[in-house]
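Here is a short set of exercises to work through with the model open beside you. Try each task before reading its solution.

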Amino acid sequence: MKYLPIIALSLLISVSAYGQGRSCCQLPPDPTTEKQQMYAAADCITLLDSTVVTVQPTGSGSFDVYKKIKVQTPRGAVDNRIIKYDYDPLTAFAEFRYATIYRANGDIINLDVTQACDYAAPARAIYWGARQIMLEVGRLHPGDVVEYKIAKKGFTYALLTGDDDESRFIPPMRGQFYDIVPFWATEPTVRKVYKVSIPMEKEMQFQFYQGECASSMRYEDGRKAYTFAKDDIMPFKGEPNMVDMFDCAPKLMMSSTPRWQDKSIWFNKVNEDYGSFAPFPEAQKKVDELIKGKTTEMEKIAVLTHWVADNIRYAGISMGKGEGYTLHNTEMNYTDRCGVCKDIAGTLISFLRMAGFEAYPAMTMAGSRVESIPADHFNHCVTVVKLSNGTYMPLDPTWVPFCRELWSSAEQQQNYLPGVPEGSDLCLTPVSAPENHYVQITANNKLDANGTLRGQFTITAEGQSDSNVRSIFTRGWQSDWKNTMEKQLLNVSPKAKLLRVDYGKDPKNYQAAPIKITFTYEIPDYALVTNGQMVFKPMVMNNLYNQVKSYLRINTDRETRQYGFKDACSRLVELDETIQLPKGYTLAQEIKEDSKQSSAADFEGSLKQEGNTLKLHQKLVLKKRVYDASDWDGFRTAVNAHKSYADYLVIENN
């Protein structure tokens, strides 16, 4: 197999412009190393990935994005036949400056970048006018090299803007600059460089996380130039169910904002100045109606949060200038009854204020960690309300429609920044106790000599588990309710017959009490009968309501983990089943009893026979949503012990 040769001199470009030398144009000379073998086996190789940013005193940045890619296989040729780049026209502008193909046979083709397409980017749920530029490279062959440069001006997030078109490139927090730069790769990368030049009077703080890079600060042309570079970046090898890539892969964070408190005060002021939460008479009437008869602050907070969560539809249509950090006003939100997270959170803030509370918006990052460097790693907006004891309580109406919680515990262990007038540091939502999200299944069954199982089970659930089990009643068609109940039994056995189901008079009323459903059923041939023996699985461990048991979707076969991992939520699972056996049958296996404890998860379980009745008991306690890699052994041990009770049982006729 051929290894990457030195690229022709015509490929070399200015070292000062992109921070690369000849090393970016060739692979390491030793073909025996593991890295070299990975280079040779790759469909394509990134020879150089370089971004150079020039920051103006306003905080606006001019970005030169340069990339050079070598194609090595037909698949790599197909993957690179089109170049795409995303940008937000409200706050940025992007265009191709040049694109060149260096054929393996020595031919050089300069592509006509005026033929690049600029079109609406594919979108789902949020339609804010994001765009893509696209350039067709055309047919490539192994050995070809593609080189291109994109110029971008602006910043990442949007805010209300002025009439001057150039003003849209100035960041919301005027004069401040930040960036979040992933330093991982999906294909072998010979060299990656990020360089930012800022005015001499600006200060910049930065940190490189989860890895190392070469970094420097130099004075160039009366400015400060920060350069970060890393060589031989191999594709990041992830793990199933691991934490977000930003929480485990190499990344650079930088910001000119000194403290999170400064961002907090700014976020508060920009929305107060805009009048995002000004009262609206029709909304005030609804607030007065909702809190009538409510005597405690938590009753009022709860009724307002749930109404907003259930009645403001999530629909991210563009409503003109103002998408981003500025929350739309009360009149717009209440009249339209739709919007994205900031509109839903903003509605709740307005409702709380009209009810006499002190409430503010907060920024959070759903999915990954926010670091201490005040770079705006946020993708979600929530609410904080000040309680009578002076503490702030986070609320998230976007994530709790038809949920018995006020702050979704699918967001526990998540950073958020309140936009309060006194300023706030970065906060962290606490772990929610597993018992807040219990799911309990209690079954009483009778097995006859023909293998038919008859009985009844009741499932009860709270918190996030309640939302999961109840979703058919709150989000599904009423005509599908019974059919969905039958499917739960058919997951256990295709021969199952649902005789009766009791889910109460109004299962849609999630605020009344935790969900409770009782099934009465018959399952012919549930046990395999042969030669004086019966073989079957305990029903509560046989695919029953597995959708709420999110931990089962985590592969616990692997013995070790390198990175942290996530479950849907902390959870308490309690399963109890009694099975009355036919006369003369006894359990062939030995009595089973387990007890496991760790900081991540606990488990206790037992299986025994008393008279002609088998009794199964399990209690699994999963203590977090986000786990460290060091938690894996305790989590895995507890979950595997729980799974072991799903083994087939053998009973013998004596």
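**Exercise 1. Check the span of helix H6 against its residue count, then find what its buried residues pack against.**

Solution. Step one: helix H6 covers residues 297–311, which is 15 residues. Step two: the expected span is 1.5 Å times one less than the number of residues, so H6 should span 21 Å. Step three: the end C-alpha atoms of H6 are 21 Å apart, in agreement with that expectation. Step four: look for the buried residues, meaning those under 20% relative accessible area. In H6 they are Ile301, Val303, Leu304, Thr305, His306, Trp307, Val308 and Ala309. Step five: these buried residues pack against helices H5 (281–291), H7 (330–336) and H8, and also against strands E20 and E21.

**Exercise 2. How far should you trust the coordinates, and which stretches need care?**

Solution. Start from the fact that this is a predicted model. The average pLDDT of the protein chain is 91, and 92% of the residues score at least 70. Next, pick out the weak stretches. Residues 1–25 have a pLDDT below 50, although this stretch has 50 contacts in the model beyond near neighbours in sequence. Residues 157–164 are also below 50 in pLDDT, with 28 such contacts.

**Exercise 3. Work out the strand order of the five-stranded open sheet, and then see which helices pack on it.**

Solution. First, read the order: E21-E20-E19-E22-E23, with antiparallel pairing. Second, look at the edges. Strands E21 (392–395) and E23 (427–428) each have a single partner strand, so one side of each is left without a neighbour in the sheet. Third, take one pair inside that order: E19 (residues 358–364) and E20 (residues 380–386) are joined in the antiparallel sense by seven bridges. Proline 361, for instance, has threonine 383 in E20 as its bridge partner. Fourth, add the helices. Helix H4 (residues 260–274) packs on the sheet by touching E19 and strand E22 (415–418), and its direction makes about 125° with that of E19. Helix H8 (residues 341–354) touches E19, E20 and E21, with its direction at about 15° to that of E20.

**Exercise 4. Is aspartate 376 buried or exposed, and which side chain does its own side chain contact?**

Solution. Begin with the location: aspartate 376 lies in the loop between E19 and E20. The cut-off for buried is under 20%. Aspartate 376 has 0% relative accessibility, so it counts as buried. Now search around its side chain: there is a polar contact with the side chain of lysine 263, at 2.8 Å.

**Exercise 5. Describe the three-stranded open sheet.**

Solution. The order is E3-E8-E6, and the pairing is antiparallel. At the edges stand E3 (82–87) and E6 (117–120); each has a single partner strand, so one side of each lacks a neighbour in the sheet. From one strand to the next, the twist averages 25°. Six bridges link E3 with E8 (residues 131–136) in the antiparallel sense. Within this pairing, isoleucine 82 stands opposite glutamate 136 in E8.

**Exercise 6. Look at two residues with positive phi, and then follow the contacts of methionine 245.**

Solution. Take glutamine 210 to begin with: its phi is near 55°, a positive value in a residue other than glycine. Glutamine 210 sits in the loop between strands E12 (205–209) and E13 (214–220), and it is partly exposed, at 28% relative accessible area. Asparagine 241, also not a glycine, has a positive phi near 65°. Its loop runs between strands E14 (223–233) and E15 (251–255), and asparagine 241 is partly exposed at 29%.

Methionine 245 is found in the loop between E14 and E15, and at 24% relative accessibility it counts as partly exposed. Leaving aside neighbours within four places in sequence, methionine 245 is in contact with Trp184, Gln210 and Phe236. Finally, compare sequence and space: methionine 245 and proline 182 are 63 residues apart along the chain, while their C-alpha atoms are separated by 8.9 Å.

How values were computed. Residues are numbered from 1 along each chain as its sequence is written. This is a predicted model: local features need pLDDT of at least 70, side-chain atom pairs count only at pLDDT 80 or more; totals for chains, interfaces and linings use all residues. Side-chain values use heavy atoms; hydrogens and water are left out. Helices (H or I, at least four residues) and strands (E, at least two) are DSSP runs, numbered from the N terminus. Buried means under 20% relative accessible area, exposed over 50%, partly exposed in between (1.4 Å probe, protein chains only). pLDDT is the predictor's confidence in each residue, from 0 to 100. Contact means heavy atoms within 4.5 Å. Two strands pair if DSSP finds at least two bridges between them. Axes are lines fitted to C-alpha atoms, for helices over the stretch in contact, and angles run from 0 to 180 degrees between N-to-C directions. A polar contact is a pair of N or O atoms within 3.5 Å; within protein, one must be able to donate a hydrogen and the other to accept it, and residues adjacent in sequence count only if both atoms are side-chain atoms.
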